[in-house]
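Biologist: Please put the sequence and the model on screen. I will then ask about them point by point.

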Amino acid sequence: MARLQGALDNDILIITRKFLSEGTPPNIDSLWTRIQQSNSSLKRKPKKVLQSSLERVLDFIGVLGPQEDSEAEIEQLSTEPAPDIMNRSLRGSLAPQVPSQTNGDGLIYPQKRQRTANGEPYPKRTKSDRAMPASPPSNISLDDIGGMDDVVCQMNKLLVRPLLYNEEYADLHVPTPRGLLLHGPPGCGKTMISRAYAAHMHLPLIEMLGPSIVSGMSGESERGIRDKFDEAKRQAPCIIFIDEIDAIAPKRDTSQSQMEKRIVAQLLVSMDDLGSDPEKLVIVLATTNRPDAIDPALRRGGRFDTEINIPVPNEHVRKRILQVQTRKSPLADDVDFDELARKTSGFVGSDLHDLIGKAGTWQLETRFATIQAYAKTHLAPPDTTTSTNASAHQDSPILEAKRLIHAASLKAEPDYPHSTSTNRITMSAFLSVLPTITPSSKREGFATIPNVSWSDIGALAAIRRDLQTAIVNPILHPTLYNQLGITAPTGILLWGPPGCGKTLLAKACAAESRANFISIKGPELLTKYLGDSEAAVRRVFARARSSVPCVIFFDELDALAPRRDSGSSGEGGGESSSSRIVNTLLTELDGLSDRSGIYVISATNRPDIIDPAMLRPGRLEIPLFVDLPDPSARSEILRTILRYKPVVADDVEAVVELGHGKECEGYSGADLEALVRQAGYHAIGRLASMLNMEDFRAAAARVRPSVGDIKRYYGMRERLAQRY
């Protein structure tokens, strides 16, 4: 039996009666919010104290039942001392009485609490008992998902079948999954697909968001998790959705907070308890873009035993996403989804959605320009007699605002420029806003396709053929390799003198295959902290696995993987940092981790100091020597560089012949670029807007070959040919 305790409960009872009569929902949260919005002095009381008092008052009112003379009761209770109220309530609970009956003293006594058939009282209502039932999302459906066929197939097997066909699993005694972990880069659609399935299956979706779970009070966070799981069991079949689970369940061995460890432990216990009642099936969906940051105990069988990777969409998937997201938008006939898919490399679903929105906004600019021109003819000009600067503000933003506001009131006019069927989003709108959008995958450190092609590379025809066979063809024509029963090479080493085009070759190779590209400078992975460099190498390959097909380019590999020997031990005779990095690279290159769709290209000027284990077959198994260009190759490189330069037409062939002559002997590709740049400086000195032969001859007299001893590279080529 609930009892009122003191003057606070008396005041709460009075104000609760008032709020309930005004239509406030009869639950603690709504009443507490209403008290905070009122002018009552009660709102200064601590939240816990108010909620406890509200719980007692609601229970007291629920025992009383509906009363006709509520105003008289409130007036009597407000004038009677609080201890006497408690005593009379106690006497009323001991003596059997009729509901709403008085004892002759004018007071109304509560009836006894209702009891079950065996005489036991009903359990007391808790806050979770009064929680509103979770409803499925209503603003999304499976029709909004495009291009994720593999993910949809896995979700059909692991989510739809267990939740909607539980009897079939029970007949064969097949255990149903308890948790699914969706991971991938930000913006790829993890949250959207979770909500879409809950909406289409018409199942409750109970969300557990990090900020709403974590509490500063000891034990409140664990209690919140228990309440969510208990609510899911009551509404089963049900889906629990945990967004960014790495924020509330990090690794316990590296966590400094005891609260985080308790939250992880509570999640483990709650997920293990889901299988206790097979009739109340609950599946936990969790998303993260850092799966390695989650506590390993959550990723074992029986918890999040199935992990679904949602990668960066490739060109085909981007086309399908664009088609799905624009199915309700009016598009012009010139919109080419194939071209948009090619130009949006590195874009994820959220970036494509942003592209469509900005293209529509850009298209509206022409519409508003027409409206403003119409409003200009109907809006009176500024009063020049009252404003001396009126002529200076003919096109000010304030006047533009006045025109737009005035035009809105003229929509009923017959000559108002209403929208027509030609008011559609055009291809030019997409191409205009495309440069303004930075792909989120690029901001997050994921891969993008470089804007380089074979046509940007002069000469090097033999090496381009080798790269075409080793990397481009396996990506573009994988079935051909499968039919022959061979696999693509695991890695390629480009080596040779500096400035000969090794980096440009790697970029063009990735661009020709339409694969994503991750460029890593060797020294940028090196840190002074123990274990950080090895972790950085693992993150590179993890990023590549989320962006397949992907080409990883390690520039200056000699700085990252030097030769291991007895002199490279660390302090105390332990393994040095460089040795640990080499071991990590060997592990990743060996394929102990999943390397399907990942291709590695490395570049160096010093292959003799690279650890020999890196160069054996199965790792960087194809060494390609990028030599200095010969005279004909220099001419071809110069012709390629001069394509977009303002050169006098009659001097183009003469400049190309200059590259063939002795003046440019020993020049690398970088030296030839320096030659053209110096020619430009000479033309600027004579205030000319076109380059001529005089400028190039002056530049050739200043530019010297950057490669010193080429014979040393030829000697290394012979030694490598004998070793491999």
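Biologist: What is the relative accessible area of Asp273?

Modeller: This is a predicted model, with residues numbered from 1 along each chain as its sequence is written, in which local features need pLDDT of at least 70 and side-chain atom pairs count only at pLDDT 80 or more. Totals for chains, interfaces and linings use all residues, and side-chain values use heavy atoms, with hydrogens and water left out. The scale calls a residue buried under 20% relative accessible area, exposed over 50% and partly exposed in between, using a 1.4 Å probe and protein chains only. Asp273 is partly exposed because its relative accessible area is 33%.

Biologist: Which side chain meets Asp273 in a salt bridge?

Modeller: A salt bridge requires a side-chain nitrogen of Lys or Arg within 4 Å of a carboxyl oxygen of Asp or Glu. For Asp273 the N to O distance is 2.3 Å, and the partner is Lys233.

Biologist: How many residues apart are Asp273 and Lys233?

Modeller: Helices (H or I, at least four residues) and strands (E, at least two) are DSSP runs numbered from the N terminus. Asp273 is in the loop between helix H11 (258-272) and S4, while Lys233 is in helix H10 (residues 220-234). The pair links distant parts of the chain, and the separation is 40 residues.

Biologist: Which residues are linked with Asp272 in a network of salt bridges?

Modeller: Asp272 bridges to Arg300, with the closest N and O atoms 3.6 Å apart. That pair also links distant parts of the chain, Asp272 in helix H11 and Arg300 in the loop between S4 and S5, 28 residues apart. Asp272 is partly exposed at 30%, as is Arg300 at 38%. The residues networked with Asp272 are Arg178, Arg300 and Arg303.

Biologist: Which helix holds both Lys358 and Asp354?

Modeller: Their side chains form a salt bridge at 3.6 Å, N to O. Lys358 has a relative accessible area of 33% and is partly exposed, and Asp354 counts as partly exposed at 32%. The two are 4 residues apart, about one turn of the helix, and that helix is H14.

Biologist: How many salt bridges does a search of the whole structure find?

Modeller: The pairs above come from a longer list. The total for the whole structure is 21.

Biologist: Which residues make the nonpolar surface patch of about 230 Å²?

Modeller: Patches take residues with over 30% relative accessible area and no salt bridge, joining like charges within 9 Å and nonpolar side chains (Val, Leu, Ile, Met, Phe, Trp, Tyr) within 5 Å. Areas come from the Shrake-Rupley method with a 1.4 Å probe, and for residues only the protein chains shown count as cover. Leu364, in helix H14 (residues 349-378), is partly exposed at 37%. The patch is made by Leu364, Phe368 and Leu404.

Biologist: Which strands stand at the edges of the sheet, each with a single partner strand?

Modeller: One open sheet has 5 strands in the order S7-S8-S9-S6-S10, with parallel pairing, where two strands pair if DSSP finds at least two bridges between them. Each edge strand has one side without a neighbour in the sheet because it has a single partner, and these strands are S7 (516-521) and S10 (622-625).

Biologist: Which residue in S10 stands opposite Leu494?

Modeller: Strand S6 (residues 491-495) and S10 pair in the parallel sense over 4 bridges. Opposite Leu494 stands Leu624.

Biologist: How many residues of S8 are buried?

Modeller: Cys550, Ile552 and Phe554 point one way from S8, Val551, Phe553 and Asp555 the other way, and all are buried. The strand is mostly covered, and the count is 6 of 6.

Biologist: At what angle to S8 does helix H21 run?

Modeller: Axes are lines fitted to C-alpha atoms, for helices over the stretch in contact, with angles from 0 to 180 degrees between N-to-C directions. Helix H21 (residues 532-545) lies across S7, strand S8 (550-555) and strand S9 (598-604), and the angle to S8 is about 155°.

Biologist: Which residue in S4 stands opposite His183?

Modeller: Another open sheet of 5 strands has the order S2-S3-S4-S1-S5, with parallel pairing. Strand S1 (residues 179-183) pairs with strand S4 (residues 282-288) in the parallel sense over 5 bridges. Opposite His183 stands Thr288.

Definitions and conventions: Contact = heavy atoms within 4.5 Å.
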